[in-house]
Amino acid sequence: MLDLVKLAKQLPGMSEQMKQEALASAKRLQKALELLNEAQNNLAQLLEKQQQWSDRLIFPAATPIESLDTPITIPKPPTSHSVFATDGSQIAPSHHEIAYCYLINIGLIMLHYGQNLHPLLESIPEIYYKPEDLYIAKQWGIRTEEWMSYKRTIAEAKALATTACDWVKPPGAHYEPNLALVDGSLIYWFLETLPTEAKNLILPEIFASWAALRAENIPLIGYISASRSRESLSFLRLQACPYPESDCQRYCANLDKTPCHVTESLRDTTVWGYLLQPGERSPLWRSNIRILNDYNQIDRVYFCYLNVGTEIARLDIPAWVVENPPLLEQSLSIILAQVYKGDGYPISLAEAHNQAVVKGGDRYRFFALLEKEMISAGLKNVSISYKETSKRGSIA
């Protein structure tokens, strides 16, 4: 039980610390704005410098592909359009339960606007219990819980592509503008440290789903709320670099704090929140995160920041959508409309989450159903561990 009296005594110190951090952040913001203005004036030289020294940089700086000083207003969405979205949840495996397995539940949403059509809201559960699902990752030192999260990412991509492509494929159908939306980044940076064999079991399946969307001209965008990224700010470090060459390996490899890191702890969203009005987006940037070297060129990820009124959202966009400006503009307009309909967050993603979420009661009902099935199959000694029994029957 949380002792609020003891906790309250610690809060004044925390609030004072946050006040000091806010003052320091304001100074860093002013410096970042100065660097942004200087970078715009020297953009051609900085792009050349980034290309020349890219293999010597010790930070992942994104590359701007539009002017840095011109916010772009998002147009109104088309009257008729469709939105597809998925999100996932899971029941993690536990040795204390009656069986060692895990469950992934995918929430699936299809919303139609201006078409007089009913929406689709459903969830797709799947149990993983076979040895190849539970133990294949052990050879690479990957925990089952971690592998489960990768399988969930694959399942979300597959469900999204299958639903969206099946909808637009009927012969003679009139194709309304549409959008496939996912919660989170399209850059799977968490796969970077995995062995090649493990990545080859994950990325190709995701890319196959993306290819299916691309074949049907269904734009895909990843929506990141409360982004912590500093990729665009890292580009400004090239402007702040005091050395004649941006050779980090030579000048700064052994320094605890590099001289170019003058915007330390500042996030991209802080800067673009200062510069963008509601309904405006930042310039487009090409991400250079290392994991993207494993992506197909047509799936390389670009991003921009969008002021949706309630926050500055980051949008991850595949190269093939960026290379089609009318499609990109249309997609961003649909996203903004989704945020307005959802009171600050895309309504399709919120509903996909609601369909996917597995509550505590769902977990107990799942294992009760599994227990009943195991007993019906003639299995004996079907029970949970004493630890789990004690936790469920606590007197506290």
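Where is the place of leucine 29? Leucine 29 sits in helix α2, which covers residues 11-41. Before following that helix further, a word on the ground rules. This is a predicted model, where local features need pLDDT of at least 70 and side-chain atom pairs count only at pLDDT 80 or more, while totals for chains, interfaces and linings use all residues. Residues are numbered from 1 along each chain as its sequence is written, and side-chain values use heavy atoms, with hydrogens and water left out.

Now for the overall picture. The protein chain has 15 helices and 11 strands; these are DSSP runs numbered from the N terminus, with helices being H or I of at least four residues and strands being E of at least two. Its C-alpha atoms fill a box of roughly 75 × 65 × 45 Å along the principal axes. Of the 396 residues, 46% are buried, meaning under 20% relative accessible area, with exposed being over 50% and partly exposed in between (1.4 Å probe, protein chains only). Take contacts, meaning heavy atoms within 4.5 Å: among those between residues at least 6 apart in sequence, 75% join residues at least 24 apart.

Back to leucine 29. This residue is buried, with a relative accessible area of 15%. Leaving aside residues up to four places away in sequence, leucine 29 touches Leu266, Thr270, Val271 and Tyr274. Its C-alpha atom is 9.3 Å from that of arginine 267, although the two residues are 238 apart along the chain.

Those contacts lead to helix α10, residues 268-275, where Asp268, Thr269, Val271 and Trp272 are buried. They cover an arc of only 160° around the axis, so they lie on the same side of α10; the arc is taken from the directions from the helix axis to the C-beta atoms. Why might such a spacing share a side? An α-helix has 3.6 residues a turn, so residues three or four places apart point the same way. The buried residues of α10 pack against α2, along with α8 (231-240), β9 (285-286), β10 (301-307) and β11 (312-318).

Next, the strands. Strand β3 (residues 81-91) is mostly covered, with 10 of its 11 residues buried. On the pairing front, two strands count as paired if DSSP finds at least two bridges between them. β3 pairs with β4 (residues 102-113) in the antiparallel sense over 11 bridges, and phenylalanine 84 has methionine 110 of β4 as its bridge partner. β3 also runs parallel to β6 (residues 178-183), joined by five bridges; here threonine 86 is partnered with valine 182 of β6.

β4 has another antiparallel partner in β5 (residues 120-128), with nine bridges joining them. Asparagine 105 is matched with proline 125 of β5. The hairpin of β4 and β5 has six residues between the strands, and glycine 114 in this hairpin takes a positive phi near 70°.

Finally, which residues does glutamine 338 touch, not counting those up to four places away in sequence? The list is Val83, Leu111, Tyr113, Tyr345, Pro346, Ile347 and Ser348. Glutamine 338 belongs to helix α12 (residues 325-341) and is buried, with a relative accessible area of 1%.
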